[in-house]
Amino acid sequence: MVEVIPKHIKDVWDRWNIRGAIILSLTLQAILICFSPLRKRTPRRLLIMLVWSSYLLADWSANFAVGLISKNQGKDLKPDDPLQDKKLMALWAPFLLLHLGGPDTITAFALEDNALWLRHVFGLVFQAIAGVYVVLQSLPNSLWLIILLVFISGTIKYLERTTALYSASLDKFRDSMVQAPDPGPNYAKLMEEYKAKKEARLPTKIILIDEPDKENRPKKLVHPAQASDIRKIESRLTDLEIAQYAYKFFNTFKGLVVNLIFSFRERDESLEIFENLTDAEEALRIIEVELGFLYDALFTKVAVLHTVIGTISRVVASGTLVAAFILFDKRPNKGRDFHGADVVVSYTLFAVGMGLDIISILLFLFSDWTCAALSSLKDNPDEELSLKDQFFNWLLSLRKLSWTMQECHEKGEHKCPNEPCNKEGVDKCSKVQKHQVLTTGFFLRRWCGSINVFNFLAYATNAEVERIHDARGRLRRYAWTAFTYPFEKLSFIFQTLGGWVIKLINAVHKRISHTVNETSRKHPWARSTIYPFYFGFLSRIPHFIKFVWDKFSDFFDISDMLDMVYKTLFVHGEPMTKELWAFMFTELKYKSKFGDSPENAKRISLARGQWTLRDNLPEDADREKLVGYVTNFDYDQSLLMWHIATELCYQQEETIPEGYDESKHYSNREFSKIISDYVMYLLIMQPGLMSEVAGIGKIRFRDTMAEADKFFHRRHIENVRDVKIASKTILGVSSDIDPMGVKGDRSKSVLFDASRLAKDLMQLEERYGKDKWEILSKVWVELLCYAACHCDSTAHVEQLSRGGELINFVWLLMAHFGLTDQFQINKGDARAKLIIGK
């Protein structure tokens, strides 16, 4: 009988299967603890795939290894095996329970994993039973005390993970923040007393004493610069104060995740700090630390370990593991009683287990959470920092944001006193635009620090996209160019060969068709044999293959997947600039002055351009005409339309209104371009983040793309690959009549609606001297804010585990300024008093 698997391979598997499964489980744990913290720093798919696969395989490999050990305990020893070898393998079972407890740096890969905490409870019970069963099979066992200590450590680790999952499940997360029921003032008692006094014919009336207004309420939280004359001179917050405020606001605003409502008290505390920040960078730092706390609470064990019970359990778990190692190391005759390879595996388990524990402890001790939780905000800002706080402040300063001044690729307007100017002097007499880009080191940053962008017209024309800023080093740029060059050439070769093959097939088909037709006319027998065989069968084979491929592609969604991959080629990252963040911070700070009531705050949060247009357009301009481009269209429709209009304006020759600051003009132009492309990236490439507001954005995108392809083909520019030429051609079409009045509303394309909008914006600048880029930049901030506060909160949190996005920061910044519809309690309880008298 032929053996499918050779005997020598079976022997190797029988001897090494348990050891291999143990080493695999250990390797997966090492990968998770080292690489899972990096996923909040980068959206790279390769890293996400590595963490995801390791997370899924970790539990499987540990369960598989326990099963192998259990099965092995019932087998007879082989002649060359030491007598005590199975006793040692029984020690490995509790180590696998330790592995199932998982590293501190990841308990859940996605929020949905937290909802499966009950499954982990059952897993703990059954794995504990399996471990006990393995140990009982090995009795009597001289290693029983060592096994017991490791078993205790593993059980504690598994309980930590289960507790972390349970506390991070959204239902429990919500319950932990819900305060005690508030029945309000005792209405029944007051009315009984009022009725009794009335029946006694006493002069009685009820007066209401409202809660004091914001200006008259005592402030619970005061910015240090407002509480100290010394700090007014140096009003910047210390690194420790940044973390402390972030920790305080995290405990307040984590209710955003589960859609809790807030009162004026939370709004006032937050506004007190954020309105008095002198530098927008401080707001960025507070929010990035705050989002880090949110990530830790929902995806790691950090929140559990920073409780008293969690800290004690970690000390016990690590202590029992070290004690077990000492006892194992001091046991004599290990080489004689056990197999040498198994002793090495055991030492490896102990060494790697303790090494991972040390890494976890270091990450725990030097985390932002530890620095913030073990210190408190000073009542007196002038009070000198203790040695502990000085150490925390120094530790946090190592992760301070790093900015690098960098030139933009746009040179600015060419101004030269010499006429004519020689071309060699253009760089010297043009104003070079410079901005500070975020360049914090990879291992020191708390989020990815970049803004992914996608441009519709660049995608439609297949044009190369030039970066506005490039924070990559020269070596990295050259390395990436060298890496992608062969793929670009291969893609070009395949496309060229594919075109040749199609032309050849068409030529052959045309030639054969002509021959068959000629033969059929001359010979009747050919008309009844060759003609139907060729045209009825052979010529239909390509159509049949295409039909099968289309069905197969639709069933497995291959076309959409390939389309998404192709779109990814047109996505690139722009580094966050300090000026862009400051501009957005200033805009929201200005709007917060009008959000003094829940109604006003909701009105601002619902604005998607109209508030800015009415506030910034000249009084004698036709405001409602531009406002109509927002209010008369769905949000996703207006996004695509304003995006294309922004690009059409961007590609035109620049004109700066007289008396307008050139630097501000080019900065607003850059802000508009980046935010416009970023929001389009969210709409097309991140539909999960925009699902609440996107509507039928995908259909509109496809229809607009189809109209652009058709238009470019008719104008013979489909192969030009130049956005500037495409923009000029689009603007060259007369658009005096509303496109919907000509095409109807069946097609959802907005290509020429965007052209009309771009022309209206340019006309506004020419007629009223109002810089169009100032209008566009503010409109885009408002459009982004609308998406941020109407995006599902769980989608924001999910994005934190994939490097974070600018929209997450805008979401939290709006909450700090009180510009969300979740601030619904404004007056609190009115206090009623019963007055008896004349």
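A residue is called buried here when its relative accessible area is under 20%. By that yardstick, this predicted model has a helix that is mostly tucked away: nine of the eleven residues of H12 (residues 264–274) are buried, so the rest of the structure largely encloses that helix. The buried residues are Phe264, Arg267, Asp268, Glu269, Ser270, Leu271, Glu272, Ile273 and Phe274.

Phe274 turns up again in the largest nonpolar core, which has 154 residues. Along with Trp581, Trp642 and Leu784, Phe274 ranks among the residues with the most contacts inside that core. Leaving aside residues up to four places away in sequence, Leu784 touches Met584, Ile675, Tyr678, Val679, Leu682, Leu806, Ile807 and Val810. Another core, of 39 residues, lies apart from this one, and Leu143, Phe151, Ala324 and Phe338 are among its members.

Helix H38 (residues 772–790) is home to Glu782. With a relative accessible area of 1%, Glu782 falls under the 20% cut-off and therefore counts as buried. Setting aside residues up to four places away in sequence, Glu782 is in touch with Lys591, Ala607, Arg608, Gly609, Gln610, Trp611 and Thr612.

Then there is the surface. A nonpolar patch of about 970 Å² is built from Val132, Leu136, Leu139, Trp144, Leu145, Leu148, Ile152, Val308, Ile312, Val316 and Leu327. Helices H5 (117–138), H6 (144–168) and H15 (308–330) supply at least two of the patch residues each. One patch member, Val308, sits in H15; its relative accessibility is 64%, over the 50% cut-off, so Val308 counts as exposed.

Notes
Residues are numbered from 1 along each chain as its sequence is written. This is a predicted model: local features need pLDDT of at least 70, side-chain atom pairs count only at pLDDT 80 or more; totals for chains, interfaces and linings use all residues. Side-chain values use heavy atoms; hydrogens and water are left out. A nonpolar core is a set of buried Ala, Val, Leu, Ile, Met, Phe, Trp, Tyr and Cys residues joined through side-chain atoms within 4.5 Å. Buried means under 20% relative accessible area, exposed over 50%, partly exposed in between (1.4 Å probe, protein chains only). Contact means heavy atoms within 4.5 Å. Helices (H or I, at least four residues) and strands (E, at least two) are DSSP runs, numbered from the N terminus. Patches are made of residues with over 30% relative accessible area and no salt bridge: like charges are joined within 9 Å, nonpolar side chains (Val, Leu, Ile, Met, Phe, Trp, Tyr) within 5 Å. Accessible areas come from the Shrake-Rupley method with a 1.4 Å probe; for residues, only the protein chains shown count as cover. A salt bridge is a side-chain nitrogen of Lys or Arg within 4 Å of a carboxyl oxygen of Asp or Glu.
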